[in-house]
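Colleague: I would like to learn how to read a model like this one, feature by feature. Could you take me through the general idea each time, and then the case at hand?

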Amino acid sequence: MNPPCSRCNKTVYPTEKVNCLDKYWHKGCFSCEVCKMTLNMKNYKGFDKKPYCSQHYPKSSFTSVADTPENLRLKQQSKMQSQVVYKEEFEKNKGKAYSVVTDTPELQRIKKTQDQISNIKYHEDFEKSRMGGEAPVNANQGHQQSYNYDHEPVPVAVPVAHVAPPAAAAPPSAPPSGGKRYRALYDYAAADDDEVSFGEGDMILDVQQIDEGWMFGRVQRTGQQGMLPANYVELA
C-alpha cells in the first residue's frame, strides 16, 4: 500500500516518492517550510522532522537559565535572604573579637596541656636547683657491707666519727640579692608553696630574674619571699 504525503496527505507513488525525515513526500511537496522552495536530498536541512532551506533553517538561541523571570526572582530572593542573615550574624558578633585559628577548642586544649607540663617542669628544675647545695651522699655507705658469695652477707663494722646532730633546717634562702625594687601591678595569690602572695601596689624587694616568666623576691609589706610571675610587676 502506498503511503500518504506528509505535506498534502495524498497518496505517494513510487515514481515520485521521497523518503526523508522519517516521512514520505511528493517530489514537489518536499519544500521549505518557510519559503516553499523545492528541495532535494542534497540541499535540505531538517529541523523537528521538517525540511528547511539553508536560508530559513531555524537557528537555536541559548538562553541562560538565570535569565528566566522565575530564576531572576529566586536569585533576588536568595540575595535578600543572604543580606538578612549577614546582618543578623553581624549584630550577634558586634563587639566580639574575631578568633584566630589558634583559638579552636582542640588547640586551646593542647596549649593548656603544654602550659601545665611546662609549669611542672619548671618547678621540678627549681626544686633541683634549690637542693643543689645539700651535701652529697657519703661514698663509703656503699661499702658498709662486705659480701661472701658462698655464704650470707657478713656485716662489717665501720668506725663512724661522732657527728653532732644537725640543726633545724632553715627555710630556703633567697637567691643572691640583685637590689632591684618592683611594684605589683595586680593582686596575686600563691599557687604553690614556693610562691609568694602580694596585693596591687605592694613593693617587691631584692628581686632576681629567674627566667623569662618568673622572678624571686621579698614582699616589703609581709616580709614573705618566694617566686612571683614577672608579668604581674613593674620596675619601681
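Modeller: What follows goes from the overall chain to the sheet, then to the cores and to single residues.

Colleague: Before the details, what kind of model is this, and how many helices and strands does the protein chain have?

Modeller: This is a predicted model, and its protein chain has two helices and 11 strands. Read along the sequence, these elements follow the pattern β-β-β-β-α-α-β-β-β-β-β-β-β. Of the 236 residues of the chain, 18% count as buried, while the chain exposes about 18700 Å², of which carbon and sulfur atoms supply 54%. Among contacts between residues at least 6 apart in sequence, 33% join residues at least 24 apart.

Colleague: How should I read a sheet, and what is the order of the strands in the open sheet of five strands?

Modeller: As a general idea, strands of a sheet pair through backbone hydrogen bonds, in either a parallel or an antiparallel sense. Here the open sheet has the order β10-β9-β8-β7-β11, with antiparallel pairing. Its edge strands are β10 (225-229) and β11 (233-235), each of which pairs on one side only. From one strand to the next, the twist averages 45 degrees.

Colleague: Which residues are bridge partners between β8 and its neighbours β9 and β7?

Modeller: Strand β8 (residues 203-209) is joined to strand β9 (residues 214-219) by four bridges, the two running antiparallel, and within this pairing I204 has V219 in β9 as its bridge partner. With strand β7 (residues 180-184), β8 pairs in the antiparallel sense over three bridges, where R183 has M203 in β8 as its partner. Strand β7 is also joined to β11, again by three bridges and antiparallel, and there the bridge partner of Y182 is L235 in β11.

Colleague: How do I read a nonpolar core, and which residues touch the most other members of the largest one?

Modeller: In soluble globular proteins, nonpolar side chains tend to be buried together. The largest nonpolar core here has 17 residues, and Y182, F198, I204, M215, M227, L228 and V233 touch the most other members. The elements that give two or more residues to this core are α2 (105-130), β7, β8, β9 and β10, with β9 supplying the largest share, four residues. Apart from this core lies another, of nine residues, among them V18, C20, F30 and Y52. To follow one member of the largest core, take M227: leaving out residues up to four places away in sequence, M227 touches residues including Y122, H123, F126, W214, M215 and F216.

Colleague: Turning to single residues, is H26 buried or exposed, and what does it touch?

Modeller: Burial is read from relative accessible area, and because H26 has 9% relative accessibility, below the 20% cut-off, H26 counts as buried. H26 lies in strand β2 (residues 23-26) and, not counting residues up to four places away in sequence, touches C5, C8, K10, T11, V12, E16 and V18. A second case is S31, in the loop between β2 and β3 (45-47), which counts as buried at 6% relative accessibility. Leaving aside neighbours within four places, S31 is in contact with R7, K36, M37, T38, L39 and P51.

Colleague: What does the surrounding of Q209 look like, and with which residues is Q209 in contact?

Modeller: Q209, in strand β8, is partly exposed, with a relative accessible area of 42%. Leaving aside neighbours within four places in sequence, Q209 is in contact with W214, M215 and A230. The C-alpha atoms of Q209 and A230, 21 residues apart along the chain, are separated by 8.1 Å. A polar atom of the Q209 side chain also lies 2.3 Å from the backbone oxygen of D211.

Colleague: Finally, how do I read backbone angles, and what is the phi of K49 and of D206?

Modeller: Most residues other than glycine have a negative phi. K49, which is not a glycine, has a positive phi near 60 degrees; K49 is found in the loop between β3 and β4 (50-52) and is partly exposed, with a relative accessible area of 47%. D206 has a positive phi of about 50 degrees although it is not a glycine; D206 has its place in strand β8 and is partly exposed, at a relative accessible area of 30%.

Conventions: Residues are numbered from 1 along each chain as its sequence is written. This is a predicted model: local features need pLDDT of at least 70, side-chain atom pairs count only at pLDDT 80 or more; totals for chains, interfaces and linings use all residues. Side-chain values use heavy atoms; hydrogens and water are left out. Two strands pair if DSSP finds at least two bridges between them. Axes are lines fitted to C-alpha atoms, for helices over the stretch in contact, and angles run from 0 to 180 degrees between N-to-C directions. Buried means under 20% relative accessible area, exposed over 50%, partly exposed in between (1.4 Å probe, protein chains only). Contact means heavy atoms within 4.5 Å. Accessible areas come from the Shrake-Rupley method with a 1.4 Å probe; for residues, only the protein chains shown count as cover. A nonpolar core is a set of buried Ala, Val, Leu, Ile, Met, Phe, Trp, Tyr and Cys residues joined through side-chain atoms within 4.5 Å. A polar contact is a pair of N or O atoms within 3.5 Å; within protein, one must be able to donate a hydrogen and the other to accept it, and residues adjacent in sequence count only if both atoms are side-chain atoms.
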